[in-house]
Amino acid sequence: MNTRLRNNLTRIIIAVAVFAYVGYMGWQQLPRFDFWVIMSFFLLYGFWAIATELWIYQDPDDFVTEDSDQKSYLYLQLSFIAALFFATIDFVEIHVTRVIVWEPYVIYIGFILFLISCYVRWSGFRSIGKYFNPRVAVYQYHKLIVEGAYRRIRHPLYLGSFISFIAIPMVFNSWGAMLIIVCLTVPALIYRIRIEEEFMIKQLGEDYENYQKVTRKMIPGIW
């Protein structure tokens with residue numbers, strides 16, 4: 001077992017332990033509808049995380065030769081964690097921006113969007129294969145992927161992430177969390193895309209510039 005897989009499995013085990021504790025406390029304290037929303041989301045989220053690590057992600061064959069992440073991954077993760085934390089607290093306890101009259105429909109829509117985001121990301125992972133890296137990086141024998149999910153847009157994985165960013169505040173009916181997503185996470189995502197595109201032009205030159213001419217960044221036909 002390589003170091004990446006071992007570390008990620010350790011995080012998953014910790015997350016499962018936290019999930020079990022939250023489930024136990026939630027069963028005792030939360031209304032049954034709220035409890036099942038929380039449990040359903042964490043089960044779905046956990047299954048996706050495990051599936052990504054064990055069945056979707058592929059270890060690269062080559063070494064990374066250069067990266068230029070510029071803390072974009074950190075900004076993206078921190079802003080998303082802040083939104084997820086607020087959404088959870090808002091849903092189960094403080095109810096500051098939870099609009100009860102919109103339930104359960106907004107929650108169901110959120111779950112549907114999250115499932116769509118999983119499919120979009122799965123399609124992106126399947127297309128990019130061993131060239132995926134959470135950092136902005138290139139491998140020793142890097143190949144520009146222009147097939148599958150990358151045929152019309154350059155960042156299908158970010159599209160999937162964006163859909164999940166929108167879905168999660170809806171799952172928890174937290175419009176304060178949606179505001180955090182819009183004001184912090186979406187700008188962090190746009191910043192990361194800009195960093196990545198500048199880096200790819202530097203590394204792949206004319207090939208990537210020609211690819212840009214026939215594709216959109218993230219939304220087919222729009223942007």
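**Salt bridges and a helix pair**

Modeller: R194 is partly exposed, with a relative accessible area of 42%, in what is a predicted model.

Colleague: With which residue does R194 form a salt bridge?

Modeller: The partner sits in the same helix as R194, namely α6, 4 residues apart, which is about one turn of the helix. The partner is also partly exposed, at a relative accessible area of 44%. The closest N and O atoms of the pair are 3.3 Å apart, and the residue that completes the salt bridge is E198.

Colleague: How many residues apart in sequence are the parts tied together by the pair E197 and R154?

Modeller: The side chains of E197 and R154 meet in a salt bridge, at 2.6 Å from N to O. E197 belongs to helix α6 (residues 175–204) while R154 lies in the loop between β2 (137–139) and α5 (156–171), so the parts tied together by this pair are separated in sequence by 43 residues.

Colleague: Is R154 buried or exposed?

Modeller: The cut-off for buried is under 20% relative accessible area. R154 has a relative accessibility of 8%, and therefore R154 counts as buried.

Colleague: Which helix does the salt bridge between R98 and D34 tie to the loop between α3 and α4?

Modeller: R98 forms a salt bridge with D34, with the closest N and O atoms 2.8 Å apart. R98 lies in the loop between α3 (72–94) and α4 (105–128), so the pair ties this loop, across 64 residues in sequence, to the helix that holds D34, which is α2 (residues 32–56).

Colleague: Which residue is linked with D34 and R98 in a network of salt bridges?

Modeller: Both R98 and D34 are buried, and the structure holds 8 salt bridges in total. The network that contains D34 and R98 also includes E103.

Colleague: Are α3 and α6 roughly parallel or roughly antiparallel?

Modeller: The two helices pack with their axes 9 Å apart, at an angle of about 170°. Angles over 145 degrees fall in the class that applies here, so α3 is, relative to α6, roughly antiparallel.

Colleague: How many nonpolar residues does the contact of α3 with α6 have?

Modeller: On the α3 side the contact includes Y73, L76, F80 and F86, and on the α6 side it includes I180, I181, L184 and L189. By class, the contact has 4 polar and 1 charged residues, and the number of nonpolar residues is 15.

Terms used:
Residues numbered from 1 in each chain as written. Predicted model: local features only at pLDDT ≥ 70, side-chain atom pairs only at ≥ 80, totals over all residues. Heavy atoms only, no water. Salt bridge = Lys/Arg side-chain N within 4 Å of Asp/Glu carboxyl O. Buried < 20%, exposed > 50% of the residue type's maximum accessible area, 1.4 Å probe, protein only. Axes fitted to C-alpha atoms, helices over the stretch in contact; angles between N-to-C directions. Parallel < 35°, antiparallel > 145°, perpendicular 65-115°, else oblique. Contact = heavy atoms within 4.5 Å. Nonpolar A, V, L, I, M, F, W, Y, C, P; charged D, E, K, R; others polar.
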